[in-house]
Amino acid sequence: MNVNDDPQWRALAQDWTAPSRADGGADLPSLAEVRRRARLQTAVFVAELAVCAAAAAALAWRAVHGAAWLPTLTGAAFTAFALLAAIWAWRTRDAGSADSVRDALRTSIGQTRTWLRWIAAGYAICAGALIHLAVMVADAAPPAPAIAAAAAAFVLATLVALAIAHRRQRRRLSNLRTLQADLYETGDTDR
Amino acid sequence: MGRDPDFERVLAEHRPMLMRIVASHEADPERRRDLLQDILLALWRALPGYRGDGELRAFLARVAHNRCVSHVARAVAEPATAALHDQLAQAADGIEAAERQQRQERLLAAVRRLPLGLRQPVVLTLEGFGPKDIADILGLNPNTVSIRLTRAKAALRSALMGEPSDERE
């Protein structure tokens with residue numbers, strides 16, 4: 001059934017596509033805004049890579065200058081994980097080209113599950129960071145107390161942020177599944 | 001850059017359709033603008049990959065609907081109903097235009113109240129897509145599209161005539 005075959009749909013379509021006074025072009029973002037948003041995403045990714053590179057360089061310098069192997073190892077593991085997370089986030093930043101709404105939903109659900117796994121890994125990394133910090137504090141040449149306290153506070157703040165993100169992503173997953181059920185309810189013959 | 005003039009031309013030609021798809025999924029003006037930006041960014045990235053297989057309108061509608069689904073999922077609840085403007089006070093070209101504007105706003109509000117599974121084929125039908133194109137865009141069986149459109153038409157008729165409907169989110 002095409003809209004032109006049904007007078008009721010045809011009448012609705014005429015109202016739907018009538019020029020709208022509110023549709024004066026003011027709401028359409030400019031191409032410059034679109035490009036700026038794309039550049040911002042790229043800048044965030046590059047900044048994350050730069051931070052990981054700087055952390056890796058600092059660890060390498062410490063290793064070369066005789067730092068204890070355990071803190072260096074845990075620091076390297078933490079940096080590697082952060083780098084992988086940044087690369088993963090960059091690769092999954094846009095699902096707009098999925099071939100169908102069903103695929104887009106599946107992609108969104110998959111990304112949300114990945115975020116939840118990443119958050120779970122984040123909890124483990126925070127625990128590892130606290131262990132790493134404890135190891136450094138117990139080391140023969142511990143960091144200054146203020147630095148250790150700041151690092152611990154940073155890890156605790158990260159744990160809080162992860163907990164908030166965890167709640168948000170669980171809610172999003174629930175919504176996506178509800179949408180999926182709504183769009184593809186049982187009884188419909190879908191492809 | 002050769003891509004930008006093409007992108008601008010495509011936007012200019014299909015802007016009304018994109019605006020209506022966005023409006024059917026989001027009532028709040030600020031969030032509508034964010035959603036539109038999301039869609040335009042997705043289109044800007046996806047257009048170079050358009051190989052000419054199928055109508056460009058259908059390709060744009062598919063990307064737009066995909067982003068709208070993600071947006072609705074992020075929004076958690078059903079779209080908030082924004083206050084409608086007083087079109088009668090602003091009519092510049094007579095009573096007929098004001099009445100048409102009012103019918104359009106009522107239709108848009110009724111479409112937004114439909115469950116997402118009915119809303120999407122309705123929006124595409126109103127944009128002039130046929131059942132086969134709608135099935136391709138939404139990844140559905142054409143029979144399913146027909147069934148949903150029948151239910152949606154009944155729900156819209158009830159909503160526009162002020163009768164209670166069974167099709168609510």
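**Chain B as a whole, and a helix pair in chain A**

Of the 169 residues that make up chain B, 55% count as buried, a value that, like the others here, comes from a predicted model. The accessible surface of chain B amounts to about 7,500 Å², and carbon and sulfur atoms hold 50% of that area. Chain B contains eight helices and zero strands, so that a reader who follows its sequence meets the pattern α-α-α-α-α-α-α-α, which rests on counting as a helix any DSSP run of H or I with at least four residues. When the contacts in chain B with a separation of 6 or more are considered, 68% of them join residues that lie 24 or more positions apart.

In chain A, attention can turn to one pair of helices, α3, which spans residues 69-91, and α4, which spans residues 101-138; their axes come within 10 Å and cross at roughly 160°. Because of this angle, α3(A) is roughly antiparallel to α4(A), given that angles over 145 degrees count as roughly antiparallel. The crossing in which α3(A) passes α4(A) is left-handed.

On the side of α3(A), the residues that take part in the contact include A:Leu70, A:Pro71, A:Phe78, A:Phe81, A:Ala85 and A:Trp88, while among those that they meet in α4(A) are A:Trp115, A:Trp118, A:Ile125, A:His132 and A:Met136. The residues of this contact of α3(A) with α4(A) divide into 13 nonpolar, six polar and no charged; A:Thr72, A:Thr74 and A:Gly75 in α3(A) also belong to the contact, as do A:Gln111 and A:Thr114 in α4(A).

Methods
Residues numbered from 1 in each chain as written. Chains lettered and ligands numbered in written order. Predicted model: local features only at pLDDT ≥ 70, side-chain atom pairs only at ≥ 80, totals over all residues. Heavy atoms only, no water. Axes fitted to C-alpha atoms, helices over the stretch in contact; angles between N-to-C directions. Helix = DSSP H or I, 4+ residues; strand = E, 2+ residues; numbered from the N terminus. Parallel < 35°, antiparallel > 145°, perpendicular 65-115°, else oblique. Left-handed = near helix turned anticlockwise from the far one by under 90°. Contact = heavy atoms within 4.5 Å. Nonpolar A, V, L, I, M, F, W, Y, C, P; charged D, E, K, R; others polar. Buried < 20%, exposed > 50% of the residue type's maximum accessible area, 1.4 Å probe, protein only. Areas by Shrake-Rupley, 256 points an atom, 1.4 Å probe, with all protein chains shown as cover.
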